[in-house]
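Here are my notes on the model, point by point. Please read them with the structure open.

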Amino acid sequence: MFMVASKFITLTFKDPDAYSAKQEFLFLTAVPDTGRSPGETHLPEELKPTGKMLVEPLVYTQRLELMRNVCREDTLRNLSHTAISKFVLDRIFVCDKHKILFCQTPKVGNTQWKKVLIVLNGAFPSIEEIPENVVHDHEKNGLPRLSSFSEAEIQKRLKTYFKFFIVRDPFERLISAFKDKFVHNPRFEPWYRHEIAPGIIRKYRRNRTETRGIQFEDFVRYLGDPNHRWLDLQFGDHIIHWVTYVELCAPCEITYSVVGHHETLEDDAPYILREAGIDHLVSYPTIPLGITAYNRTKVEHYFLGISKRDIRRLYARFEGDFKLFGYQKPEFLLN
């Protein structure tokens with residue numbers, strides 16, 4: 001029996017997580033949402049994610065307006081549109097009991113939201129009882145992917161369910177992915193260092209006499225290479241930690257209800273719970289002060305010494321993510 005309604009769930013805030021799924025493609029047509037579409041206004045400068053608290057509900061509507069306006073820009077179409085493939089459907093987790101779809105965007109704290117959905121689905125009575133090794137085991141956590149349903153059932157859920165995902169500054173997310181997978185690797189996933197890193201080094205390291213492990217500069221060259229996809233195919237679904245939000249969640253094809261921002265999660269998490277109608281069942285954890293704020297110094301430090309050419313190529317690939325979600329172009333690219 002589902003016994004969570006009588007008490008709030010408590011969570012432990014952790015760094016974002018890793019997932020794995022087989023990359024296949026099942027193309028679907030975009031499905032319009034049954035809800036009302038807002039007007040067409042661009043996101044004002046003061047309402048862009050800055051790391052400060054956002055308390056006005058209007059900001060969430062304006063984020064969606066900005067996203068839909070950018071989706072209409074023909075010049076960005078190749079950077080903002082993608083098919084609703086099986087790769088996308090594998091990223092979307094389903095809570096049928098409360099009619100919720102959550103698209104995972106690794107490196108923005110997805111573990112917390114997955115735990116909420118696992119409990120809401122009834123697989124475990126409380127957050128505390130979910131073993132850490134089960135959270136990401138999709139055969140045991142009772143958290144189905146949207147790809148596991150028939151096409152008719154997929155279309156029905158895309159059209160009628162509450163849908164959300166979380167984003168953060170694209171470059172800061174890439175730094176987080178690099179640190180998590182190639183530096184710290186807290187879950188002991190040896191394939192990142194022993195298979196993926198050597199593949200990137202062989203292709204993108206300029207100094208062939210350099211014997212150090214993978215450097216952020218190598219990672220940037222790989223991601224900014226217009227011909228990166230041949231390596232992506234070799235790496236499989238491990239690429240979900242650094243591909244674009246567009247490739248993960250198809251925001252121009254799927255009409256999302258809310259787009260949360262990592263930088264303002266202290267406000268966004270409660271708002272998402274209210275809008276999904278589950279705030280009486282769950283409570284997002286207290287977020288340590290400053291942990292989600294944009295760290296400009298860190299970003300500038302990581303890109304220090306990397307050629308402007310390589311950074312511009314990287315930005316060119318992620319420009320859709322920057323513009324869709326109101327993130328400003330880094331100042332070190334403006335000089």
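1. Which residue lies over the face of F149? R157 does, at 4.0 Å from the ring centre. Bear in mind throughout that this is a predicted model. A second arginine is placed in a similar way: R91 lies over the face of F87, and here the distance to the ring centre is 4.8 Å.

2. Next, the aromatic pairs. The count comes to 27. One of them is F216 with Y302. The ring centres are 5.3 Å apart and the planes meet at 80°, an edge-to-face arrangement. This pair links distant parts of the chain. F216 belongs to helix α9 (residues 216–224), while Y302 belongs to helix α13 (residues 296–303). In sequence, 86 residues separate them. Burial differs between the partners: F216 is buried, because its relative accessible area is 7%, under the 20% limit. Y302 has 23% relative accessibility, so Y302 counts as partly exposed.

3. Helix α9 also holds a pair of its own. F219 and Y222 sit 3 residues apart, about one turn of the helix. Their ring centres are 6.3 Å apart. Their planes are at 50°, so this pair is tilted. F219 is buried, at 0% relative accessibility. Y222 is buried too, with a value of 0%.

4. D321 deserves a close look. This aspartate is found in helix α14, which spans residues 308–324. Is D321 buried or exposed? D321 is buried, yet has no salt bridge. The nearest side chain of opposite charge is that of R173, 5.0 Å away. A salt bridge would need a charged pair within 4 Å, so R173 does not qualify. What does the side chain of D321 reach at 2.8 Å? The backbone nitrogen of Y245. Beyond its sequence neighbours up to four places away, D321 touches P170, T244, Y245, V246 and Y327. Y245 thus appears twice around D321: as a touching residue and as the owner of that backbone nitrogen.

5. Finally, helix α12, residues 265–275. Its buried residues are L265, D267, D268, A269, Y271, I272 and L273. Two aspartates, D267 and D268, are on that list. What do the buried residues of α12 pack against? Two helices, α1 (58–71) and α4 (110–120), and two strands, β3 (162–167) and β4 (258–261). After the helix comes G277, with a positive phi near 75°.

Note on methods
Residues numbered from 1 in each chain as written. Predicted model: local features only at pLDDT ≥ 70, side-chain atom pairs only at ≥ 80, totals over all residues. Heavy atoms only, no water. Helix = DSSP H or I, 4+ residues; strand = E, 2+ residues; numbered from the N terminus. Buried < 20%, exposed > 50% of the residue type's maximum accessible area, 1.4 Å probe, protein only. Lys, Arg positive; Asp, Glu negative; His and termini not counted. Polar contact = N/O pair within 3.5 Å; in protein donor to acceptor, adjacent residues only side chain to side chain. Contact = heavy atoms within 4.5 Å. Phe/Tyr/Trp six-rings, centres within 6.5 Å; stacked < 30°, edge-to-face > 60°. Lys NZ or Arg CZ within 6 Å of the ring centre and 35° of its normal.
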